[in-house]
Structure formats: structure tokens, C-alpha cells
Amino acid sequence: MSNQGYDEELRSERAYTAELYARLDREREQAARRFRAALGETGIALVERDADVRVRARETARLNVVDNGLCFGRLDALSGERSYIGRIGIFDSENDYEPLLLDWRAPASRAFYVATAATPEDMRRRRQFHTMGRRVVDFTDEVFGRPGDQERGDAALLAAVNAPRGAGMRDIVATIQAEQDEIIRLGHAGVLVVEGGPGTGKTAVALHRVAYLLYTQRERMSRSGVLVVGPSPVFLDHIGRVLPSLGESDVVFTTTGGLVPGLRVTAEDAPGIAELKGSLKILDVLAAAVADRQKVPDEPVPVELADVTVALDADVADEARLEARRTELPHNEARQVFREVAVRLLAERAVAVIGQGWLSREDQGAWANLRADVREELAEHEELAAALDALWPSLTPETLLAPLYMSPRRLEAAGADPSLFRVDGGAWTVSDVPLLDELADLLGRDDAAERAAAKQQAEEDEEYAGGVMDLLKLDREELDEDVQLVATDLLYAQDLAGRFAERDTRDLAERAVEDRDWTYGHVVVDEAQELSEMDWRVLMRRCPSRSFTIVGDLAQRRSAAGAKAWAPVLAPYVRDRWQYRELTVNYRTPAEIMTVAGALLAEFAPDARVPESVRACGIRPWSRQVADGDLQAAIDEFAQDEADREGTSVVIGPEGVPGAIPPSAAKGLEFDAVLVVEPERILAEGPRGAAELYVALTRATQRLGVLHREALPQALSGLAEAGLPVSAGHRRFL
Ligand SMILES: Nc1ncnc2c1ncn2[C@@H]1O[C@H](COP(=O)(O)OP(=O)(O)OP(=O)(O)O)[C@@H](O)[C@H]1O
């Protein structure tokens, strides 16, 4: 294209996008007006107003987030038809709702991502805009079918992957690649496993798939929501902006340590313990531990009645226990059966003694009356109730598991490994969370306890509502008219509290996260190789429809309890009915760094495939040996050097290196520059040291340096050696 032709085209594209923005602004104004109107609505029930306000707030937020790079491409078909592709759909209301901008998720946008010279999909040209805010700065064209006419087809992608990283991950809608697009739009409704080496865009793809599912199955998904499970709170923070930037809410982000409502656990067990707790074999231990809390008395317990004293002894308790267990009800729900059978048996004994001598076989009515009286007396007998409670106590997951860990005797009785013993039973680790969740099912509901909790909640709500009323009264003079109407509407605190209970106005995400019985429409599991068999049970319970996008890389597994292959992990839930896709191109790590990481991978996982880097960056990763006393100075020098550069940096090292984070904390993250300290110690630490080092080496988008004190591990010999002194050697390669 001639320069003049290019300039004209650019002008015309700018005019087109300016028109799109003008329409967006108009829509936005209307949405803002609707939002304000919804806020001020007074003639309708509160619950309707709340729902309306929520819908309007969402509408406004959705329009706000698409402002940046609203339109990022154009597709010209062989037929001459031209479509613009962007973050949302915009239609011409005056012209039969002709699409002016296609949502990237719409079926018609697919060709934009998958058309290639080899398979042009009836397309003539793909045009990608380079935008800054609202302005189209530049564009690049790929013309299909004419060799030699392929102008800078990868320019947009390379610009995106080369850009310095800021806080958090960005969406990739403008540059989704064909192999990624296929996964994002895959129609498979069940379990999908996406595997790929570091930086292949697994996380990005999984999140864009969520956005796609929310777009194509809006009704179902926005009713039940989507759960995204990641390895750490820092990681969740890193990825947390991607979906909102695509206008999506209704998504719950959590770690496996947060899967049980009310708990936010991050502590980890030693690898051996994590492995024991993560295996399905622990299910037998839990079942035995529950059974161990269903006792018979060592000594008979005397139960004094008005006319006779009977003994709650091992025979009675044993028979009651047998009947209660036979119901196969969860422990807490079977308590009632245990109590009833025990009372019945004791009543028989008491009646036999009381009736002896003055009632004959024929006195059936009198026997029945006596039996009823005695049963009533027993049912109301406080000491008996306490004794039965002690034999078959009401339990919560916490009150079962903590005492189990704290007692070698209980552990032995449950057939558990003695190494599970710990002094502080309630110091929960992430490996305990699936056990607590399992126990919630094994123990079942305890109606009495739940009633008490509900009562307490109601009282708290009432107190809160009372507080709100006080506030409203205090501020009455300052309130505007609308709110005053609301205030006079709220007559009694109890009434207000009742409204809280009836009409849950929390967001879907809030409701879902607080409800163990919530079932999600779709679940994304990131870094899925880290999850134990027991973690999978929790997740499968949360999504009975088995609609999963599972992304991971077996080679990066650090957890001893994690997956060694996908099939055995999934078979218990879906047998072989799951799909597998692979991503093969690395968009993060430049070729220079990947060569070094690949050499390490070849050593510890010779069968794993090294993803191919999409670019080289021209900077060789380096290593430098430092004496003990020089380590800190060398780290400081790296930090200073990076402080002057754009982008992000990190120091990754084994425990005890000041200012360094461990490889586990860097999982799934990326930085422009990475300094790996003492790789030899990372390698030697724990059974998965090599995988940890592999993760550490593959976090950099541009620059990688390695500081070592002892000999450099053989696998890293591809690093350029930077000699002493510190500054000269280090800077030469950065
Ligand atoms: N099509 C794309 N266009 C632009 N950037 C992309 C594309 N695909 C991936 N990226 C970028 O590559 C980087 C790595 O992606 P991501 O974190 O999803 O990889 P990953 O496979 O999850 O890596 P890891 O296994 O190491 O956690 C991110 O910065 C992401 O935005």
C-alpha cells in the first residue's frame, strides 16, 4: 500500500471508530440516566428496585470498561463484506440494527482469529488496529491468498507480548491466536483439559473461555455463576482484572483454601502429610474417625426414674448404634435414631421391672400406658440426654477433625498414619480444607445447632437493622427526599431484618462464596496439576453438571499430592468423557530464556514438550557466581538496575534469601525481569525442586539473571557467564 493510500485508509478508520465512540457515548448516557432513575425509584417494592439498580449498574460498568481499544480489527470477506471487530457489539438502531461493530465472541468474529493464508475462511484481509485509548494509531494488514502481500501479520501480537508488564494480567481479545480461539469457543459442555508449557496462555485462554460462555450461555451462567480456582491470592489478584475488563462479573475467584465458606486457609503441610491428606485413602480414615465418635459406655450409666433405675449399658448403646448406623444417614442426622432406639430399649427394661407382679399378660392397655409414660419420662430425662449426647455427640467438621489430629489414640482408632498428629488441631492447612468439606457431608446437618445459629443470625440482623434505623433517624435532616421515603418505609427493625432474610440483595458472587451448597454453572481450575484427589472431590461437588475448564502443566507440578496424569484424576467423575487440548506456543518467555529452561526440563521430564517461543528478545540470560558476603550486594544491584526501567521485576529464591519470594509464590505470575537466586538450593529442596526451578526460570518476559553461590547446576550451563566484578558483569547482559 502506498504511503498516501495508507494515510487515507488510516483517516477513514479513524472516522469510523470515532463514530463508534459517539454511539458508545450516547448509549452510556442513556445507561447512566437509567441507572439514576433506578436509584430514585420509589413507587415499587424494594426488592424490585434493588434488582433494577443492579442491572443498571452492570450495564453502566459494561459500557465503561470497553472504552479502551473499543474496536481493534476489521475483516474483509471475499464477497466484499466488511466487519469491524471489537469488545462489544454496536448496532445501528436507525438502520435495521445493522451491526456496526461485532462482539469478539459473536460467531461471525471467529474468522478474525482463525483465518490464515492456508485456510482463509473466505476472507480476503485481516486488519489489526494499534490503538492508544480511543485513538487508532496505526494498522497492519494481512492479505490472504496473495503470497508476498503478507504485511507484518504478527505485529499486533509481538507488540502485545513485548510490552512491559504492569500490575496484573491484561485481556488478549485483540490478539487471540487460532489454537487459543479453538479452545475458547469449544462447544464441549463437559470437562476440558488444556495443557501447555509455561507462558502458552493457558490462564488467558481459560478466562476468555469464561467470557465466551457467559456471552453464549448468559442465562444459565449468570444464574449459577462461574468459579475460578487459582493457586494463591496473589495469583488471583494478578488475573482478577481480566474478566472485569471484558465486562464480566458473576465470577467467584478463590484458592482451594477458600472453598469452604468461612475459611481462608493458606498454610501448607509438609509434602508427605499433604500427600496423605490429598489421597482418596483418607476417606476411610474420615469414615472411621466418625464411627469412632459413636461410642458405647465403658461402665453402665444409671438412669434414675420415678419408680425404677435402669442402666444405660453397652448392650443398649450397641443395639441403638447398630440401628442408627443401619439407616446410613449422616452422623448428626442419625443421632435422633440412636436416641430413640436407646429410649425404646430402656423403656422396655423399665416397664418390665415396674409392671412385674401387678400387671398380667392380658393387661395390654395398662402395659401400653405404662410404656408411654416411661418413654416420656425417659425422653425428658436430662441426665440420660447428656449421656446419650456424650455417646453420639453432635459434631461439626471442625470439632471432629481438630481433636482427631490432636490425639494419637483417635488417629490409631481411625487407622490414620500417626504422622498426622499435631499439637494445634485447629491450625488448618490447605490440605485440611477438602477433609472439612467431606466431613460436612459425612456429618450432615445438625438441626438443633442450625436452629441456634439461625436464631443468632436473626438477632444480629435485627441489631444491625436497628443500627441502620438509628442512623437514618439521626441523619434525617440531611437526607434527601428519596431516602426519607425509604426511611419512613422502615418501621421496625425486625421488619427490616426480615427483609434481609427474604430478599437477598447480595451479588451472586457473594452469595455463592458463602454457601457450601451453591452449585456453579462452570468451573475453571488453573494450575490444576497442583490439586489433590481430595481437592477434585470438593470441586466436583460444586459443579454437578461437570462443566469444567481445567488448565495446567504436569511438568510444573510442585505439590506431592498433585496430579501425575489427568486420566486417573478425572476417571472417578467422568470416566473417559473429557476432552484434551494442547497449547504449544509460548507468548511470555523469549527463546533465549526458554532454551535454558528447556535444558532443565529435558533433564527432569524428558517426555515433556518445550513450548516454542513466539519471539526472541536479543538479550541473553546470564549467571554469576557470588561469594557468600556478596550475595546481598548483587541482589541490591539488580533491584537498582530494574528501578530505572519500565515494567516489573522480582527476585525468586529459596527460603531465607532476603527480599526473595519462593518459586511457589511466583506460580502463574510473570515479570519483565527475574533474578533467580541460588538455583542449586531450589533444586535440592524437596522432591519437586527441579519443577520449582523450572517455574522460576520461566517467569520472565524479557530479562533473566541467575546468582549462585555453589557450582551452577549442570542444566543451567547455557546461561552466559557474567564475571566479577558485580556491576560490570551483570549490566553487560541486561
Ligand atoms: N494471544 C495472545 N496475545 C497476546 N498475549 C498473549 C496471548 N496469549 C498469551 N499471551 C500472554 O502471554 C503471557 C502468558 O500467558 P498465561 O499466563 O496465560 O500463560 P500460562 O500458560 O498460564 O503460563 P504458566 O503455565 O506459566 O502459568 C500473558 O502475559 C498473556 O497475556
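How many bridges join strand β19 to strand β20, and in which sense do the two strands run? There are 6 bridges between β19 (residues 671–677) and β20 (residues 700–708), and the two run parallel. That pair is a good way into this predicted model, whose protein chain has 29 helices and 21 strands. Here is a short tour, starting with the chain as a whole and ending at the ligand.

**The chain overall**
- Of the 734 residues in the protein chain, 37% are buried.
- Contacts reach far along the sequence: among those between residues at least 6 apart, 72% join residues at least 24 apart.

**The parallel sheet**
- Strands β19 and β20 belong to an open sheet of 5 strands, ordered β18-β19-β20-β17-β21, with parallel pairing.
- At its edges are β18 (649–652) and β21 (720–721), each of which pairs on one side only.
- Helix α26 (residues 631–643) packs on this sheet and touches β17 (622–625), β18, β19 and β20.
- The direction of α26 makes about 175° with that of β19.
- If you would like a residue pair to look up, Phe-671 has Ala-700 in β20 as its bridge partner.

**The mixed sheet**
- Another open sheet has 6 strands in the order β3-β4-β2-β1-β5-β6, and here the pairing is mixed.
- Its edge strands are β3 (90–92) and β6 (135–143), and each finds a partner on one side only.
- On average, neighbouring strands of this sheet are turned by 20° against each other, direction ignored.
- Helix α1 (residues 3–40) packs on the sheet, touching β1, β2 (82–86), β3, β4 (98–103), β5 and β6.
- Relative to the direction of β6, that of α1 makes an angle of about 120°.
- Within the sheet, β1 (residues 71–77) and β5 (residues 123–132) pair in the antiparallel sense over 5 bridges.
- Two arginines face each other here: Arg-74 stands opposite Arg-127 in β5.

**Around the ligand**
- The ligand has 25 residues around it, and those that come nearest are Pro-198, Gly-201, Lys-202, Thr-203 and Tyr-587.
- By residue class, the shell divides into 9 nonpolar, 11 polar and 5 charged residues.
- Helices α4 (155–162) and α6 (202–216) each supply at least two residues of this shell.

Notes
Residues numbered from 1 in each chain as written. Predicted model: local features only at pLDDT ≥ 70, side-chain atom pairs only at ≥ 80, totals over all residues. Near = placed C-beta within 6 Å. Helix = DSSP H or I, 4+ residues; strand = E, 2+ residues; numbered from the N terminus. Nonpolar A, V, L, I, M, F, W, Y, C, P; charged D, E, K, R; others polar. Pairing = 2+ DSSP bridges. Axes fitted to C-alpha atoms, helices over the stretch in contact; angles between N-to-C directions. Contact = placed C-beta atoms within 7 Å. Buried ≥ 20, exposed ≤ 12 C-beta atoms within 10 Å, placed from the backbone.
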